[in-house]
Amino acid sequence: MNDLVLVLNAGSSSLKYQLLQPDSSLVLASGLVERIGEPGTRARTRHTVGGGSTTEGEVDAPDHTGAMALVLDLFATVGPSLDGVTAVGHRVVHGGDRFRAPTLVTSEVLAAIEDLVPLAPLHNPANLAGIRAAQAALPDVPHVAVFDTAFHQTLPPHAYTYAVPQAWREEHRVRRYGFHGTSHAYVSRRLAELLGGPVADAQVIVLHLGNGASAAAVAGGRCIDTSMGLSPLEGLVMGTRPGDLDPALAGYLAARGIPLADYDHALNTASGLLGLTGTNDFREVMSLLDAGNPDARLAVDLVAYRLAKYVGAYAVALGSLHGIAFTAGIGEHSAPLRAAVLARLGLLGIRLDPRRNAEGPPERPITTQDSAVPVWVVPTAEELEIAQQALAALQALSASEMPRL
Ligand code: ADP
């Protein structure tokens with residue numbers, strides 16, 4: 001049966017969506033509403049049917065409820081029909097240690113996501129607004145929450161524990177959670193398939209390099225370590241976030257008159273590539289580099305060096321390494337960055353094939369036949385993964401177990 005799943009990804013001022021057939025991976029429609037609730041400007045919509053026609057508009061969307069109404073209107077007027085949608089899958093950023101799997105949304109689940117807002121103050125409120133708006137708009141369809149953190153709930157205690165006071169860990173839930181879980185789940189499984197051996201034995205590293213970036217070490221389908229932590233700030237150098245820092249920085253800057261709120265804001269929005277070069281767009285960083293800009297040179301070196309350090313660390317964590325995947329905007333598209341990372345990994349016997357790295361199908365190996373570890377580009381498919389997980393969660397709930405919505 002060709003189930004249809006509507007996948008929603010609600011950000012603070014955006015609502016992205018895809019209508020998919022999880023069994024065939026077919027995308028029937030996709031789009032977004034952006035600039036929701038931004039003062040002094042109207043929201044923008046873009047709705048694409050299949051691989052074809054795109055409808056764009058400027059509309060009023062004061063909040064996520066308004067944005068959801070616009071999305072339903074686009075499906076009703078432009079198509080395709082949402083009749084027969086089996087489920088709505090919602091991306092939810094933080095599931096804490098409570099949610100280890102996709103979960104049918106009930107009022108209790110909504111309360112639990114609300115309870116996790118202190119851990120993800122920038123993301124969970126928007127996710128909740130999206131779920132509530134969608135539930136009101138599509139009340140007869142089951143809604144399933146798919147958590148960015150869930151895939152990392154298999155981390156062993158030595159990987160997720162911070163060596164901080166017990167009270168912080170127990171009363172304030174301080175630990176590594178990790179993010180980008182749906183992408184890491186999809187890409188690690190896909191890479192394991194591509195490597196040809198049993199998926200259950202594959203020991204792989206996934207480098208998800210988009211605006212946000214994280215690495216994950218996955219053994220036999222279970223994540224054993226990941227670079228983002230309590231929040232998405234930790235780990236790799238990202239578009240606007242610095243990744244790893246000395247925790248003393250907060251106190252040092254506070255003593256120099258920088259309030260905690262400014263510190264937090266700067267680390268989330270003005271650091272990383274933006275802080276180093278003036279732009280968070282990696283394509284622009286590469287243009288600056290080509291023009292001989294020294295800040296861009298330093299930024300690319302820093303990004304590649306940090307990535308190579310994580311690969312080295314995760315090779316040790318895994319014990320043996322069967323493959324590495326680059327994914328997301330930068331990972332899939334920047335051959336120079338991939339080359340810069342692999343150039344630092346000679347110790348692992350990794351040998352880049354410059355021709356395969358430069359061009360080929362979106363999903364391809366980029367190392368030579370004799371490379372000790374094959375490295376692949378694997379396009380991520382977060383919406384497909386959310387749709388498949390949402391459907392699987394519903395199928396796992398037998399009719400008798402299905403709670404009242
Ligand atoms: P998000 O985390 O917002 O989903 P993406 O996965 O779309 O981000 O990645 C966005 C990043 O990918 C941006 O820094 C962008 O410049 C970069 N990117 C996209 N296409 C290319 C390309 N052809 N070459 C280099 N970088 C690219």
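Visitor: What volume does the second largest pocket have?
Guide: Quick background: this is a predicted model, where local features need pLDDT of at least 70, side-chain atom pairs count only at pLDDT 80 or more, and totals for chains, interfaces and linings use all residues. Residues are numbered from 1 along each chain as its sequence is written, and side-chain values use heavy atoms, with hydrogens and water left out. A pocket here is an open set of points on a 1 Å grid over the protein atoms alone, where a 1.4 Å probe fits and protein lies on both sides within 12 Å along at least five of seven lines. Grid points are joined across faces, edges and corners, and a volume is the space filled by probe spheres set on the points, which for the second largest pocket comes to about 330 Å³.

Visitor: Which elements give two or more residues to the lining of that pocket?
Guide: Lining residues have an atom within 4 Å of a grid point, and among them are Asp281, Phe282, Met286, Ile330 and His333. Helices are DSSP runs of H or I, at least four residues, numbered from the N terminus. The elements you're after are helix 10 and helix 12.

Visitor: Which pocket does the ligand take up?
Guide: A molecule sits in a pocket if more than half of its atoms lie within 2 Å of the pocket's grid points. On that basis, the ligand's space is the second largest pocket.

Visitor: Which helix gives the most to the shell around the ligand?
Guide: The shell takes residues with a heavy atom within 4 Å of the ligand, including Gly210, Asn280, Arg283 and Ser334. Helix 10 (282-290) and helix 12 (328-333) each supply at least two of the shell's residues. The top giver, with 4 residues, is helix 12.

Visitor: How far is the ligand oxygen from the side chain of aspartate 281?
Guide: Polar contacts here are pairs of N or O atoms within 3.5 Å. Backbone atoms join in: glycine 329 has a polar one 2.9 Å from a ligand oxygen, and phenylalanine 282 has a backbone N or O at 3.0 Å. For an N or O atom in the aspartate 281 side chain, the distance to a ligand oxygen is 2.5 Å.

Visitor: Away from the ligand, where does the cis proline 80 lie?
Guide: The peptide bond from glycine 79 to proline 80 is cis, with omega near -5°. Strands, for the record, are DSSP runs of E, at least two residues. Proline 80 falls in the loop between helix 1 (64-77) and strand 6 (85-92).

Definitions and conventions
Polar contact = N/O pair within 3.5 Å; in protein donor to acceptor, adjacent residues only side chain to side chain.
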